[in-house]
2 protein chains.
Amino acid sequence: MGFTFQINNDIKFKHNNNFLNKANNYRPTIQHNNIKPIAIVQLKKNSSSLEGYGIEQIDDITNLKKHHLKRNDKLILDFGDHQVGKFTIDIKSVGSPMDSPLFLKLKFAEMPAELAHNSKDYNGWLSKSWIQEEYIHLDVLPKKLNLKRRYSFRYVEITVLDTSPKWQAVLDNPIVKTESAVHYDKSLIPDLEDLELKKIYQVGLKTLHECMQDVFEDGPKRDRRLWIGDLRLQALADYSSFKNTNLVKRCLYLFGAMPAENGRIPANVFISPENIPDDTFLFDYSLFFISILYDYEKNSSDKEVLDDLYPIAKNQMNIALKQVNSIGKLELTDDYPVFIDWSNDFDKTTSGQAILIYTLKQFIYLAQLKNDSDINLYIKKLDIINNYSINYLFDEQTGLFVSGSNHELNISSQVWMVLAQLFDKNKNREIMKTTLKRLFPVKNIATPYMYHHITQALFISGLKNEAVELMKSYWGKMIQLGADTYWEAFDPDHPSYSPYGNPILNSYCHAWSCTPVYLINKYLLSE
Amino acid sequence: MGFTFQINNDIKFKHNNNFLNKANNYRPTIQHNNIKPIAIVQLKKNSSSLEGYGIEQIDDITNLKKHHLKRNDKLILDFGDHQVGKFTIDIKSVGSPMDSPLFLKLKFAEMPAELAHNSKDYNGWLSKSWIQEEYIHLDVLPKKLNLKRRYSFRYVEITVLDTSPKWQAVLDNPIVKTESAVHYDKSLIPDLEDLELKKIYQVGLKTLHECMQDVFEDGPKRDRRLWIGDLRLQALADYSSFKNTNLVKRCLYLFGAMPAENGRIPANVFISPENIPDDTFLFDYSLFFISILYDYEKNSSDKEVLDDLYPIAKNQMNIALKQVNSIGKLELTDDYPVFIDWSNDFDKTTSGQAILIYTLKQFIYLAQLKNDSDINLYIKKLDIINNYSINYLFDEQTGLFVSGSNHELNISSQVWMVLAQLFDKNKNREIMKTTLKRLFPVKNIATPYMYHHITQALFISGLKNEAVELMKSYWGKMIQLGADTYWEAFDPDHPSYSPYGNPILNSYCHAWSCTPVYLINKYLLSE
């Protein structure tokens, strides 16, 4: 998830301490590795890389100590792959005695393009506090500089803003002590014959690894919190790779513990300095609590979690169903919008209706597990909602779902109705074929989140080749542009697009983009 | 002292561990006070203040918590007087949950004028690392921000570079924990009837207090090391006020312990990360080691120190005397220049000759104390040097000393020959009267160091009123311009003069300017 702007800071929240204690019990032990850089590099114009910036080696890393750095000298260290962790480096002075402090700037970048931009030029609405840049004074050398913050990066640009005319700074022993809830190991990468797919899988696995921290974070560089929408996809990818189900359980309890007083689950929660629910609420995200619990139970059959969290899931469904009218139409309100995608250039009402069907089906499965005597009420509701969707939203003439009062045809409506399996597989296949013919190629969608759902809809309607082709043209394209991990935002038609107007703010390692791990496992290896 | 540029980093130094241990034994216990700001202020145009910038209160300090700070908001806290120490402040967030780090800039300023300048505009040769400005990211609030570095300031400007659109930062409980080797107490200020002089004394005492740290520093904001030239004046001021003679002793041992292999004492030493002699050598500064030992013995009669350090003092004199030719003329060399003053716009040879006489007389006193059998050699040398000075440097026609091959008449030559007491008091009085008539007013001198010697020369030649007038027009003028402590550099004709081209780099609390404490005590209170 990125950013959805709501301020509701008058809302009161419940705190279920029993659930918070359980969430705390499942906190992961953070794993560490000490990683050294592989080269001293510089930016290089490269038209096939993101924004035209690649790197080239200018010196062997073993020569680092030979660089005597004075005012305005700078070096870029390349750690060889994406890293999340804390940075340390030894710094000493050479020349005359150190007659002034050392003034350093350190800039951490996931992609070379970030290094080509000056943070001073950024003045967008998103907080510039996210820019991974530090200004440091060291009064006395030698010193082991031990930065306390965690950074998400592959490159570290170190600029000596000043020494004095009498001495120079020398760097040695740069190390990142990585952090993740899980251990990344190449043995986790399946031996796919298609090497392009294997690479796509590997980068997805690295992305997931980097985002698995004290919770499933949405992005280790920026945002760094637990969003429901990202969690749902991360958990699916985790079940087929790292299998750290305790972390999913921890996150389920965190959401379950802190609904608003009106029962709605917030779209995200913070865990520092304490567990704090955000004041952002999204209709589809609240419902996805049900999905996450459903996926978790499918994977783990955990009676304790089901008993604890089923009432919370039921609450989300009951709140959502209040917005369904007598003929089965979902009526959305401004204070509880659907997210679906960052783009607001398409009508989302049919997508919202589909997500209600998708999650209501999952809820009914959970209600069966719980032997909930109310189950028939939900089955009946589903029937009404399905009927409305078939009778009012599906357009026989085009073979596609329409959305909104203007009967808009968009990809998202088709995709979500297929994922909701309103129709059977054959009909879904027809819908997706029509979608491919009439609505493709995908335009003006910049989120791997939406691309995931499109790809999955192709897979479940049996269009495996088309799904693989889309995966290669989307996630594969990021790799061609230099991705070590997948990005928060990517529009293949506009590779330099940033939702924030500047790549320094982009998160180039973002949870909701890790899903090739799940898609490849589920639809190419398991079936 | 400020900065004299030499690089001699191939020079080897001796290390006398016995002396270094003694220096270590006299390390002071640093005293602390917790000081709170007195007001929230803003810059105000004020033509009678330095560079035209004063301050005005905009809010009561008790209202600090009521300021909810968002992107680009800033506050200036006024601590009411000059402070040297470490800064802490409590910071919390209000509004929605903190969904981004807090990015802060803190700028510490001794004078309001510093706040009117942007550090980005400074590009001079002196290291910009001295600018007291920090950029801080705080990932989690609430937090007690505890800055590890020591700052020298009265004002703290805190700028919120960014929060996010959803929350604001709130500051509370700002404190500076002050540091000094001595306790500043108003009871140390003599009850002078002349309130202008009393204020001049008080500001000098505050200046001295701020510069007395682990050693006598030259400036707590910038440079921050032990220079011989500053030490000599600080010690004199200390004997008549704080009377922390152990700190003088510590500093004497530091210099005595680390001469270069050729015997020369360096102009300054560093004490972090260990005791390190600088590679700068000044002819007059090396000789002032004798003066400091002389003044110390006059004040303390310390046989152990005399026995330990007399050989070092003798060495300095022997090295200096090698540069005196057979008729008593000092012949200076480029690798061992005299400092005298920052200005290089006047000829310094006669001043150098005078300092040799000044220190040779002091050395002979020490040789007497030590019953040194070589004493007659020095007395004979003094005689030759005196004779040369009288016969070749004093111009009977003008009644003034000339300097250099062009027979330049400058104030410094007269002042130092008077301080050296080449002639008796009556003749000195004539010389200084002629100086007042022919060479005054002082022009193009920007150091309190030179002004001190001019003032003292007036006092010792009996021109008390003129001395007081000069003191009032120089140190008094700094007070009128807003000084809480005296400055490193001040030219009354060009109050905005900075030796570094920007007041952000100026030290507005500098050791060599504290001497009204000594002058008032010695010439107005003791006589």
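These are legends for a set of close-up views of a predicted model with chains A and B.

**View 1. Chains A and B sit around a two-fold axis.** Rotate chain A by 180°, with 0.0 Å of shift along the axis, and it lands on chain B with an RMSD of 0.0 Å. That is just the relation of a two-fold axis. Looking for a landmark in chain A? A:Tyr135 has the C-alpha nearest the axis, 2.9 Å from it. As for the contact itself, 100% of the interface residues of chain A are also interface residues in chain B, so the two copies meet through the same surface.

**View 2. Helix H6 of chain B is largely enclosed by the rest of the structure.** This helix covers residues 283-300, which makes 18 residues. From its first C-alpha to its last it reaches 26 Å, close to the 26 Å expected at 1.5 Å a residue. Is H6(B) mostly buried or exposed? Of its 18 residues, 15 are buried, so the rest of the structure largely encloses it. Follow the chain just past H6(B) and you come to B:Ser301, which takes a positive phi of about 45°.

**View 3. A nonpolar patch lies on the surface of chain A.** Three residues make it up: A:Phe5, A:Ile7 and A:Trp125. Together they offer about 300 Å² of accessible area. A:Ile7 belongs to the segment before helix H1 (17-25) of chain A. With a relative accessible area of 39%, A:Ile7 falls between the cut-offs of 20% and 50%, so it counts as partly exposed.

**View 4. A buried salt bridge joins helices H1 and H7 of chain A.** Over all chains the model has 69 salt bridges, and this view picks out the one between the side chains of A:Lys22 and A:Asp308, at 2.7 Å from N to O. A:Lys22 lies in helix H1 and A:Asp308 in helix H7 (residues 303-321), so the pair ties together parts that are 286 residues apart in sequence. Both A:Lys22 and A:Asp308 are buried.

**View 5. Two loops of chain B are linked by B:Glu488 and B:Arg222.** The side chains of these two residues meet in a salt bridge of 2.6 Å, N to O. How many residues apart are they in the chain? The answer is 266: B:Glu488 is in the loop between helix H13 (464-480) and helix H14 (516-525), while B:Arg222 is in the loop between helix H3 (195-211) and strand S10 (226-227). B:Glu488 is buried, and B:Arg222 is too.

**View 6. Another salt bridge in chain B pairs B:Lys370 with B:Asp307.** Here the N to O distance is 2.8 Å. B:Lys370 comes from the loop between helix H8 (349-369) and helix H9 (375-393), and B:Asp307 from helix H7 (residues 303-321), 63 residues apart. What about cover? B:Lys370 counts as partly exposed at 28% relative accessibility, and B:Asp307 counts as partly exposed at 30%.

**View 7. A network of salt bridges takes in residues from chains A and B.** From chain A come A:Asp99 and A:Lys166; from chain B come B:Asp223, B:Arg225, B:Asp278 and B:Asp279. Keep an eye on B:Asp223, which has a positive phi of about 90° although it is not a glycine. B:Asp223 is found in the loop between H3 and S10 of chain B. Its relative accessible area is 4%, under the 20% cut-off, so B:Asp223 is buried.

**View 8. B:Lys243 has a positive phi and is exposed.** Its phi is near 55°, a positive value in a residue other than glycine. You'll find B:Lys243 in the loop between helix H4 (228-239) and helix H5 (245-257) of chain B. A relative accessible area of 55% is over the 50% cut-off, so B:Lys243 counts as exposed.

**View 9. Cis peptide bonds lead into A:Pro273 and B:Pro142.** In chain A, the bond from A:Ser272 to A:Pro273 is cis, with omega near -5°. A:Pro273 is in the loop between strand S11 (268-270) and strand S12 (276-277). In chain B, the bond from B:Leu141 to B:Pro142 is cis, with omega near 0°. B:Pro142 is in the loop between strand S6 (133-138) and strand S7 (143-146).

Terms used: Residues are numbered from 1 along each chain as its sequence is written. Chains are lettered from A and ligands numbered from 1 in the order in which they are written. This is a predicted model: local features need pLDDT of at least 70, side-chain atom pairs count only at pLDDT 80 or more; totals for chains, interfaces and linings use all residues. Side-chain values use heavy atoms; hydrogens and water are left out. Copies are superposed by least squares on the C-alpha atoms of residues with pLDDT of at least 70 in both. Contact means heavy atoms within 4.5 Å. Helices (H or I, at least four residues) and strands (E, at least two) are DSSP runs, numbered from the N terminus. The expected span of a helix is 1.5 Å times one less than its number of residues. Buried means under 20% relative accessible area, exposed over 50%, partly exposed in between (1.4 Å probe, protein chains only). Patches are made of residues with over 30% relative accessible area and no salt bridge: like charges are joined within 9 Å, nonpolar side chains (Val, Leu, Ile, Met, Phe, Trp, Tyr) within 5 Å. Accessible areas come from the Shrake-Rupley method with a 1.4 Å probe; for residues, only the protein chains shown count as cover. A salt bridge is a side-chain nitrogen of Lys or Arg within 4 Å of a carboxyl oxygen of Asp or Glu.
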